[in-house]
Amino acid sequence: MQPTERLILGPKSRVSLLGSQAQDREIPTSLPITNVRTHPRVSDGKEDASIFFIGTATTVLEWGGFRILTDPNFLHAGDHVHLGPGVTSRRKTNPAVDLDKLPQMDCILLSHYHEDHFDQLVEDSLNRDFPIITTPHAKACLTSKSIPEPFRAIHDLDVFESILLEDPTSIHTDPTNGNSTTSVIRVTGMPGKHIPPGPLSVINDILSAVPPTNGWLLELGWITTNCDHHFDQNTDEELKTGYRIYISGDTLFVDELKEIPERLNGKRIDLMLVHLGGTTIPGPSAPLVMVTMDAKQGIQMIHLIDPDITIPIHFDDYDIFLSPLSDFKNEVEQEGLRERVVYLERGDQYRFTVQDSFHDGDQ
Ligand SMILES: [Zn+2]
Ligand SMILES: [Zn+2]
C-alpha cells in the first residue's frame, strides 16, 4: 500500500486563491453568513466547525485552521455553462458570495470537471499554484498544455485513495512525553457514477461527454506523533476521528455506492452533503437521461449511508435540475426523516462539533 500523501495547509501555508490579476484585491477575513443553523436535536452553542452554502455544490468547510472550498461555481443568474457535446444550461440563481469576495482558502475539493462545478470564470481566475484535490480525469484536463496556463498544484485521488491535510499551526505538544498532536483532515475518494450503467455508459465512454466523478469522505481529527517524529500514516489507530463528512458528488444511486458502508465497517457518517437535482440532459441519441439523484434516490442514499444529518445541495441552480427540493422535502416527511435533514439557503452556515474523543462505540 502506498503511503498516504500529505499536504501541509493551514493559515501559515496559504497561497493566494486568485491569480495575479486579483493580487490587489482586499481579502475579507470571514464569510458573509446570513443565517446560522445547528443540529436539529442537540446544540450546546459551542460548535467549532461549519459548512457554508454558496450555491450549486459550492460550499466552504471551516474547522480550526482549515478553510476548504468545494466545487467552485460562481456564475450568476442568466449565465450559461457547457456540460458536454450539445448540452448547455442556464444558471437560475446567484452565489451567496462572489469569487473575489472570498476570504483566504487552503485548498479546493473538486468532485469532477463539469462547468457547474468548476466554471470558466473560476478556471480563468484561479492562481495556478493554488492546491486542488480532484479526480485523475480532472487533473489531466487542468494540467493539459491545451489550456492557456496549466495548473501546477493538482493532487488526484482515485476511488478509495486518500490524502492527509495537515495544519502545522495546530500542533500541541504534551510536556509529559514529548508527543505532539496535529489537526488533520483525511480526504478519501468515494465512488460515484454520473451515467447509468449499460449502453449509455458505453457510448459515454466513447464520446467522453460526461466526466468521471468522485464523492468524498472527509475525516476531521487528530494525529499524534511520538517524539521521534514518526508515525505510520495509514492506520486508523493513529487518526483519531472526531467527525465524518460524506459528500456524494454528482452520482446516481448505483451499486458501486454499496461499497461505502462496507468500507466504513460500522463507522458513523455524521454529515452527508448529497447532490440532488435530478439533473437531466439530452443523451447522445436525444433521449432525456437523468445524471444526478432525484428525490427518491436521495432518500435511498440516506437509507444506505445512514448519516446522522443530511444536507441537500445542487438542487435548483440550473435549468436542467428537474427534481425540485420540494419533492425531496415531501419524501423526507413521508419517511419520517424530518429531524435528520437540515435545509440550507444560499448564505446559510451549518455549525457542528468535532468531538475531541472517540465517538462512543464506533471505533
Ligand atoms: Zn456533473
Ligand atoms: Zn452538477
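In this predicted model, seven strands form an open sheet in the order S1-S11-S12-S13-S14-S15-S18, and their pairing is mixed. The edge strands of this sheet are strand S1 (5-8) and strand S18 (309-313), each of which pairs on one side only. A second open sheet, with eight strands, also appears in the model, and the protein as a whole comes to six helices and 19 strands.

**The seven-stranded sheet**

- Neighbouring strands of the seven-stranded sheet are turned against each other by 25° on average, when direction is ignored.
- At one edge of the sheet, S1 and strand S11 (residues 162-173) pair in the parallel sense over four bridges, and within this pairing Arg6 stands opposite Leu164 in S11.
- Helix H5 packs on this sheet, where the helix touches strand S14 (239-247), strand S15 (271-275) and S18, and the direction of H5 makes about 150° with that of S15.

**Helix H5 and its contact with helix H6**

- The axes of helix H5 (residues 295-305) and helix H6 (residues 325-334) come within 8 Å of each other and cross at roughly 45°, which means that H5 is oblique to H6.
- The handedness of this crossing of H5 and H6 is right-handed.
- On the H5 side the contact is made by Ala295, Lys296, Gly298 and Ile299, which meet Asp327, Phe328 and Glu331 on the H6 side.
- Sorted by character, the residues of the contact between H5 and H6 divide into three nonpolar, one polar and three charged.

**The eight-stranded sheet**

- The strands of this open sheet follow the order S2-S19-S3-S4-S5-S8-S9-S10, and here too the pairing is mixed.
- Strand S2 (35-37) and strand S10 (154-156) stand at the edges with a single partner strand each, so one side of each is left without a neighbour in the sheet.
- From one strand to the next, the twist of the eight-stranded sheet averages 25°.
- Inside the order of this sheet, strand S5 (residues 66-70) and strand S8 (residues 107-109) pair in the parallel sense over three bridges, and the bridge partner that Thr70 has in S8 is Leu109.

**The overall shape of the protein**

- Along its principal axes, the C-alpha trace of the protein spans about 70 × 50 × 45 Å.
- With its six helices and 19 strands, the protein has a radius of gyration of 20 Å, which is close to the 21 Å that the globule rule gives for 363 residues, so the protein is as compact as a globular protein of that length.

Terms used: Residues are numbered from 1 along each chain as its sequence is written. Chains are lettered from A and ligands numbered from 1 in the order in which they are written. This is a predicted model: local features need pLDDT of at least 70, side-chain atom pairs count only at pLDDT 80 or more; totals for chains, interfaces and linings use all residues. Axes are lines fitted to C-alpha atoms, for helices over the stretch in contact, and angles run from 0 to 180 degrees between N-to-C directions. Helices (H or I, at least four residues) and strands (E, at least two) are DSSP runs, numbered from the N terminus. Angles under 35 degrees count as roughly parallel, over 145 as roughly antiparallel, 65 to 115 as roughly perpendicular and the rest as oblique. A crossing is left-handed if the near helix is turned anticlockwise from the far one by less than a right angle, and right-handed if clockwise. Two residues are in contact if their C-beta atoms, placed from the backbone, lie within 7 Å. Ala, Val, Leu, Ile, Met, Phe, Trp, Tyr, Cys and Pro count as nonpolar, Asp, Glu, Lys and Arg as charged, and the others, Gly among them, as polar. Two strands pair if DSSP finds at least two bridges between them. The radius of gyration is taken over C-alpha atoms; the globule rule is 2.2 Å times the number of residues to the power 0.38.
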